[in-house]
Amino acid sequence: MSEYYVCTGCALLCDDIEVEIENSKIKTVHAACRKGVARMKGCSDPLECTVDGEKTDVDSAITKAAEILREAENPLIFGHGNSSSEAQKLSIGLAKKTGAYLDDTSSFCQGPVIEAILQEKLRTCTLDDIRHKADVIIFWGADPSNSHPRHLSRYSYFPRGKERQRGWEEDRTAICVDVRKSETAVICGANRFYQIPMGGDEEFMDALVSALSSKVPKTSFGFDAKRILELANVLKKAKFGVICVGLGLIYSLEDLEPLFRLIDKLNEVSEFSLMPMVGQYNMRGFNQNLYEETGFINRVKFNSETGEAKHGPEFSVVESLREKSVDAALIIGSDPLSSLPLSVSRYLADIPLITIDPCRNLTSSKAEVTIPCAFGGVEYGGTAVRMDGVEVKLKKILDTENLPDAEILRKITEAI
Ligand code: SF4
């Protein structure tokens, strides 16, 4: 019987992956998309264990990392999206112990949507609900053809489901709202693609709410009212609709109020849920783990004496680096020097910096301490949370000399 593994290439966490192993390496990956195959095969440029640029052993690097964190008054601990839930919980404990700022990438992407879902302000569903029931799927500011390549084939548009036996086209309508004609927009088709100008999402949502209320929809950018009314008619008839929210939508909105208005209206006339298109495989896990511990999903600062967490924008990775309010940083499975504006992230190179990662990246090239860790879902198992909040068990496929990040964090915490 075949053994199936979970791909940690994105937060879909596809659990139908088969591998062929040769000479203790993954030779062939079956069922995964191109992105997943690359992830399963590991990094081409592995990180070395170093202190001050000199190769060393893991114990020495851990001792140095503990020393940096012990001496810092306000350390920053950031990353976590590519770590197991076990590692994330240890990271939360380490942040408590050191009075650290603690944040993850949701702080500048899907955070507001996940927070609203955890606070039960937005209705959501599972990926399996979408596969079995969804007849209308809106990709709003999302391009899963590139970001989550198996989303359309495995869960949303193409597959047959219990209540969608004919699948694609005959049983489902896929709609794309975006500022550009993405590959997902091409799949949805010209008559189901609604191209709006940059920053036009709020107005388009409000126009849609008007159309759903049988009023004439208007936008300042002159979008064809007839097309908005046609779209409203499709949405009204949905038996199980879902909006897959991408970063394009989140970056366009100042707050989620327009989305609340639209979802409320949609649920007056039909039935609609929301799916956050989370990128990194366990970003949602970090949000849930921190929420359970503190009531906040990101952007916290712990008091090392009381363990109490304060929350606010000033504790985000961006603001803490911009304001230079942190004096050391531990980065786990992330590359903020590549992903944040240089004006903000440059400060990382001025403070004692520790990275834990399987692969070398720009941030690790500036770090005082680099500790290579095993690859989640390939070289160690554990638990992760899919984009829809479902917990998934990861299985180890290969042995490695590198420790899992959870083990490294446990050793650093003990050394402090
Ligand atoms: Fe892996 Fe995501 Fe591709 Fe699935 S869609 S195989 S989880 S990268």
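In what order do the strands of the open sheet of 9 strands run? Keep that question in mind while we walk through this predicted model; the order is β4-β3-β16-β15-β14-β5-β6-β12-β13, and the pairing is mixed.

**Stop 1: the whole chain**

Start with the protein chain shown as a cartoon. You should find 18 helices and 18 strands. Turn the view along the principal axes, and the C-alpha atoms fill a box of roughly 65 × 55 × 35 Å. For a chain of 416 residues, a compact globule would have a radius of gyration near 22 Å, and the protein chain agrees because its own value is 22 Å. Buried residues account for 50% of the 416. Now think about contacts between residues at least 6 apart in sequence: 67% of them join residues at least 24 apart.

**Stop 2: the sheet of 9 strands**

Select the nine strands from the opening answer, which together make an open sheet. Colour β4 (54-55) and β13 (309-311) differently: these are the edges, and each has a single partner strand, so one side of each is left without a neighbour in the sheet.

Next, pick out β5 (residues 75-79) and β6 (residues 101-104), which pair in the parallel sense over 4 bridges. Show the side chains of I77 and, in β6, L102; these two stand opposite each other.

**Stop 3: helices against that sheet**

Add helix α2 (residues 58-71). This helix packs on the sheet and touches β3 (50-51), β5, β14 (328-332), β15 (353-357) and β16 (369-372). Its direction makes about 130 degrees with that of β16.

Then select helix α3 (residues 85-98), which lies across β5, β6, β12 (300-302) and β14. Compare its direction with β5: α3 runs at about 170 degrees to that strand.

Now go to residues 405-415, helix α18, and display D405, A406, I408, L409, K411 and I412, which are buried. What do the buried residues of α18 pack against? Their partners are the helices α2 and α3 together with the strands β14, β15 and β16.

**Stop 4: the sheet of 5 strands**

Move on to another open sheet, where 5 strands follow the order β9-β8-β7-β10-β11 with parallel pairing. At its edges are β9 (193-195) and β11 (272-276), each pairing on one side only. Look along the sheet, and from one strand to the next the twist averages 15 degrees.

Zoom in on β7 (residues 136-140) and β10 (residues 241-245): the two run parallel and are joined by 5 bridges. Here I138 stands opposite I243 in β10.

**Stop 5: a hairpin**

Select strand β17 (residues 382-385) and strand β18 (residues 391-394), an antiparallel pair with 4 bridges. Within this pair, the bridge partner of A384 is V392 in β18. The hairpin has 5 residues between the strands, and G389 takes a positive phi near 90 degrees.

Which side chains of β18 are buried? Show them as sticks and you will see an alternation: V392 and L394 point to one face and are buried, whereas E391 and K393 point to the other face and are not.

**Stop 6: two residues with unusual labels to find**

Centre on L13, in the segment before β1 (18-22). L13 is not a glycine, yet has a positive phi of about 45 degrees. Is L13 buried or exposed? L13 counts as buried because 24 C-beta neighbours lie inside 10 Å.

Follow the chain to N23, which lies in the loop between β1 and β2 (25-30). N23 is not a glycine either, and its phi is positive at about 50 degrees. N23 is exposed, with 5 other C-beta atoms within 10 Å.

**Stop 7: the ligand**

Finish by selecting the ligand and its surroundings. A shell of 13 residues surrounds the ligand, and the closest are C7, G9, C10, C14 and G36. Colour the shell by class, and you will count 8 nonpolar, 3 polar and 2 charged residues.

Notes: Residues numbered from 1 in each chain as written. Predicted model: local features only at pLDDT ≥ 70, side-chain atom pairs only at ≥ 80, totals over all residues. Pairing = 2+ DSSP bridges. Near = placed C-beta within 6 Å. Nonpolar A, V, L, I, M, F, W, Y, C, P; charged D, E, K, R; others polar. Rg over C-alpha atoms; globule rule 2.2 N^0.38 Å. Buried ≥ 20, exposed ≤ 12 C-beta atoms within 10 Å, placed from the backbone. Contact = placed C-beta atoms within 7 Å. Axes fitted to C-alpha atoms, helices over the stretch in contact; angles between N-to-C directions.
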